Amino acid sequence: MSPRHLSRLSLGAAAIGALALAAIAISPSRASEEAVVIPPPALDVQAADGIQTAVIAGGCFWGVQGVYQHTAGVLNAVSGYSGGSKMTANYTMIGTGTTGHAEAVEIKYDPKKISYGKILQIFFSVVHDPTQLNRQGPDVGTQYRSAIFAANDEQKKVAEAYIAQLNAAKVYKKPIVTKVGPLQAFFPAEDYHQDYLTLHPNQPYIAFNDIPKIENLKKIFADNYIEKPTLVSSAKATN
C-alpha cells in the first residue's frame, strides 16, 4: 500500500489531522483543485431512452463520487477501478501504481434529466484539474490520472471534441491531459469506499480536498445540484 493510501486511510493519525486542519484554518474554502467556469460542450450525445452509463476518473474517487451523488439526474455513482484486470482491482494493489487501473466512478444516469455532455462539463469544471498529469492535489500516481472511459463510439467522439473545444478556448492555463479510451471493464471498490464523502465529511482529507467541490457544484451548477445525495447504500436498497 502506498504512503498516499496510508495517509488517506489513517483517519486518526494526529500528525496528518493537525496538518490538514491547519491548512483548512488558513484557507477554509480553497480546495487543492480550483473550479473553472467553462462553456458546455458544442457536441453532445443524442438523447436516448433508458438508463445510461458514464465512467470517468479524476483523482481520488471519494470526491468524484461525492460530486455526482449531489447531481440531479444521476441514479447511482459507484467508486471503483477501471483500466486494469479484475485480478488487481483492489485498493492495495492499485495503490502501487502498477496495475493500469485508475480510481474511477461509474455513473448511472437518466438522459432525460442530464446529458453526457453535462456530466463531462461538471467533470472538467468542478471535479478535478484536467491539466495535472498523473496526479490530483496531494495524490500522485497513474491511479489518480484524468481519464474518460467511453462506453461507445459516440461517447468517445463527444469527449474528444469537448477536450479540443476547451483547449481551443484556452479556459485553462495549460493543455488538458485527460486521456479518452474505451471502457473495457469497471470493478466496484470495496464497500468502505462507497458513500465515503457523506459518511466522513469531517475527515481532514475530505474537508480540505472534497467538500469544496460540492460547494462549487452548488455554486456553478445550481440547476443541476441536489442537496440530498443519492447514495450507493440507498440505491442498493431500492433495487
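Start by selecting Lys 218 and Glu 227: their side chains meet in a salt bridge, with 3.7 Å from N to O. The term stands for a side-chain nitrogen of Lys or Arg within 4 Å of a carboxyl oxygen of Asp or Glu. Color the pair by accessibility next. Lys 218 counts as partly exposed because its relative accessibility is 46%, while Glu 227, at 54%, counts as exposed. Here buried means under 20% relative accessible area, exposed means over 50%, and partly exposed lies in between (1.4 Å probe, protein chains only).

Before you go on, keep in mind that this is a predicted model, in which local features need pLDDT of at least 70 and side-chain atom pairs count only at pLDDT 80 or more, while totals for chains, interfaces and linings use all residues. Residues are numbered from 1 along each chain as its sequence is written, and side-chain values use heavy atoms, with hydrogens and water left out.

**The other salt bridges**

How many salt bridges does the structure hold? There are three. For another, select Lys 112 and Asp 49, whose closest N and O atoms are 4.0 Å apart. This pair links distant parts of the chain, 63 residues apart: Lys 112 sits in the loop between strand S3 (102-109) and helix H5 (116-127), and Asp 49 in the loop between helix H2 (14-26) and S1. Helices (H or I, at least four residues) and strands (E, at least two) are DSSP runs, numbered from the N terminus. Lys 112 counts as exposed at 67% relative accessibility, and so does Asp 49 at 66%.

Now move to helix H6 and pick Lys 156 and Glu 160, which lie four residues apart, about one turn of the helix. Their closest N and O atoms are 2.8 Å apart, forming a salt bridge. An α-helix has 3.6 residues a turn, so residues three or four places apart point the same way.

**Strand S6 and its partners**

Select residues 146-150, which make up strand S6. Is this strand enclosed or open? Five of its five residues are buried, so S6 is largely enclosed by the rest of the structure. Turn the view to see both faces covered: Ser 146, Ile 148 and Ala 150 on one side, Ala 147 and Phe 149 on the other. In a regular strand the side chains alternate between the two faces of the sheet.

Add strand S1 (residues 52-58), which runs antiparallel to S6 and is joined to it by four bridges; two strands pair if DSSP finds at least two bridges between them. Look for Gly 58 opposite Ser 146. Then add strand S7 (residues 179-182), paired with S6 in the parallel sense over four bridges. There, Phe 149 stands opposite Gly 181.

**A buried glutamate**

Jump to Glu 103 in strand S3. At 1% relative accessibility, Glu 103 counts as buried. Follow its side chain to the backbone nitrogen of Phe 61, reached at 3.0 Å.

**Helix H8**

Finish with residues 204-220, helix H8. Just ahead of the helix, Gln 203 caps its N-terminal end, with a side-chain oxygen 2.5 Å from the backbone nitrogen of Tyr 205. Further along, H8 bends by about 40° at Asp 210, and Pro 212 follows within four residues. The bend is the angle between axes fitted to the seven residues ending at a residue and the seven starting there. Buried residues of H8 include Tyr 205, Ile 206, Ile 214 and Leu 217.

Definitions and conventions: Expected span 1.5 Å × (residues − 1). Polar contact = N/O pair within 3.5 Å; in protein donor to acceptor, adjacent residues only side chain to side chain.
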